[in-house]
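Here are two worked exercises, one on a ligand site and one on enclosed space. Grab your viewer and work through them step by step.

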Amino acid sequence: MAEFEVSSIERAAVVGCGVIGAAWASRMLLNGVDVAISDPSDNAEQILTEVLGNAVAAYDDLGLPTDGQGTYRMATSVADAVADAQFIQESVPERPDIKAAVLAEIEAAAPVDTIIGSSTSGIKPSTMQATMTNPERLVVGHPYNPVYLLPVVEVVGGEHTPIEVICQAQGIYAGIGMKPVHVRVEIDAFVGDRLLEAVWREALWLVNDGVATTQEIDDIMTHGFGLRWAQMGLFETYRVAGGAGGFRHFIEQFGPTLEWPWTKLMDTPDFTPELVDTLVEQSDAQSGAHTIRELERTRDQNVVGFLKVLEANNWGAGTTIAEHRKR
Ligand SMILES: NC(=O)c1ccc[n+]([C@@H]2O[C@H](COP(=O)([O-])OP(=O)(O)OC[C@H]3O[C@@H](n4cnc5c(N)ncnc54)[C@H](O)[C@@H]3O)[C@@H](O)[C@H]2O)c1
């Protein structure tokens with residue numbers, strides 16, 4: 001485990017201001033960092049202000065301060081955004097060619113020792129480093145949405161990233177209230193998305209095979225194991241499931257079921273037009289009455305509620321919020 005010291009920065013650049021970039025910028029701003037934003041889209045500033053509005057409401061609900069915010073400016077180019085940045089977070093579309101082009105633009109203008117965190121959900125840092133001039137400055141900093149509320153960020157180095165840069169990046173992320181987890185082995189999709197993919201594959205099969213609808217699957221998650229996962233992970237939950245016999249008893253009892261035909265994990269259904277139509281129709285029926293911003297606000301209010309309970313119990317993600325509040 002790489003030890004790091006929490007550090008604070010005053011100026012950052014956010015390159016790409018869509019779903020994730022706007023949420024990164026919001027977290028940084030609410031933690032007092034000035035942010036220069038680069039995004040060629042005409043909608044970028046509108047997305048930012050809407051997401052920031054949700055973030056401010058969430059911090060108010062959580063009792064975290066919303067005064068002392070940093071200021072943002074929409075930069076005229078990537079170069080303009082990164083020229084004096086102390087840290088850069090890249091959140092452009094998940095395409096290796098776009099990532100490579102944008103990283104080249106960043107490198108041409110940013111101070112040579114400024115760390116670049118990439119939000120990529122699964123591209124290996126070594127792949128991105130292959131075309132870089134100073135690859136040692138790149139880490140993956142993979143967040144989970146809403147980035148301004150969920151503390152975790154997976155920090156992954158590539159073959160050219162020294163441990164000192166991993167530690168510095170972790171310190172910067174911790175300084176804006178996050179829980180950096182160093183993923184020591186570089187694998188496709190890192191840890192979180194690898195787990196999510198397994199669940200996603202199974203859910204697609206269940207819809208594809210007509211076993212359950214999107215609503216029924218979500219009900220089973222939100223009224224069952226999803227509630228457990230927010231406060232204890234898989235392993236701690238299964239330890240409890242083993243009763244007094246603990247984890248060993250759990251494995252003795254349920255280990256053999258992995259040999260039963262419960263799962264299709266190794267295989268994925270094709271996204272045929274029929275399957276896509278079914279998924280879209282079921283999702284519209286389930287959630288189409290609400291706008292995305294309404295759903296985001298509801299999600300945030302629920303997450304804030306969970307975080308308050310976890311902080312009161314000094315448990316899980318609540319411990320990160322409590323430590324950040326003290327700082
Ligand atoms: N959406 C998620 O839940 C999620 C979660 C974790 C990580 N990520 C990762 O975050 C990254 C961004 O994903 P997203 O969902 O925000 O995508 P998005 O499509 O919402 O946003 C991408 C933004 O990048 C901008 N862009 C395109 N080319 C650019 C350029 N040359 N310079 C600056 N900006 C440029 C686009 O205009 C757009 O606003 C991806 O790597 C994705 O894998 C996404």
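A residue counts as near a molecule if one of its heavy atoms lies within 4 Å of it. This is a predicted model, where local features need pLDDT of at least 70, side-chain atom pairs count only at pLDDT 80 or more, and totals for chains, interfaces and linings use all residues. Numbering runs from 1 along each chain as its sequence is written, and side-chain values use heavy atoms, with hydrogens and water left out.

**Exercise 1.** Work out which residues surround the ligand and which polar contacts they make.

*Solution.*
- Step 1: the ligand is surrounded by 21 residues, with Ile-20, Asp-39, Glu-94, Lys-99 and Ser-121 the closest.
- Step 2: look for polar contacts (pairs of N or O atoms within 3.5 Å). Asp-39 puts a polar side-chain atom 2.6 Å from a ligand oxygen atom, and a polar side-chain atom of Glu-94 also sits 2.6 Å from an oxygen atom of the ligand. Ile-20 uses a backbone N or O atom instead, 2.9 Å from a ligand oxygen atom.
- Step 3: check burial with Shrake-Rupley areas (1.4 Å probe). On its own the ligand exposes 830 Å², and the protein buries 73% of that.

**Exercise 2.** Find the largest cavity and say what lines it.

*Solution.*
- Step 1: on a 1 Å grid over the protein atoms alone, a cavity is a set of points where a 1.4 Å probe fits but cannot get out; lining residues have an atom within 4 Å of a point.
- Step 2: the largest cavity holds about 80 Å³ of space.
- Step 3: its lining has 13 residues, and Arg-27, Tyr-59, Leu-64, Tyr-148 and Ile-321 lie nearest the centre.

Note on methods: Polar contact = N/O pair within 3.5 Å; in protein donor to acceptor, adjacent residues only side chain to side chain. 1 Å grid on protein atoms, 1.4 Å probe; cavity = no way out; pocket = protein on both sides within 12 Å on 5 of 7 lines; lining within 4 Å. Points joined across faces, edges and corners; volume = space filled by probe spheres on them.
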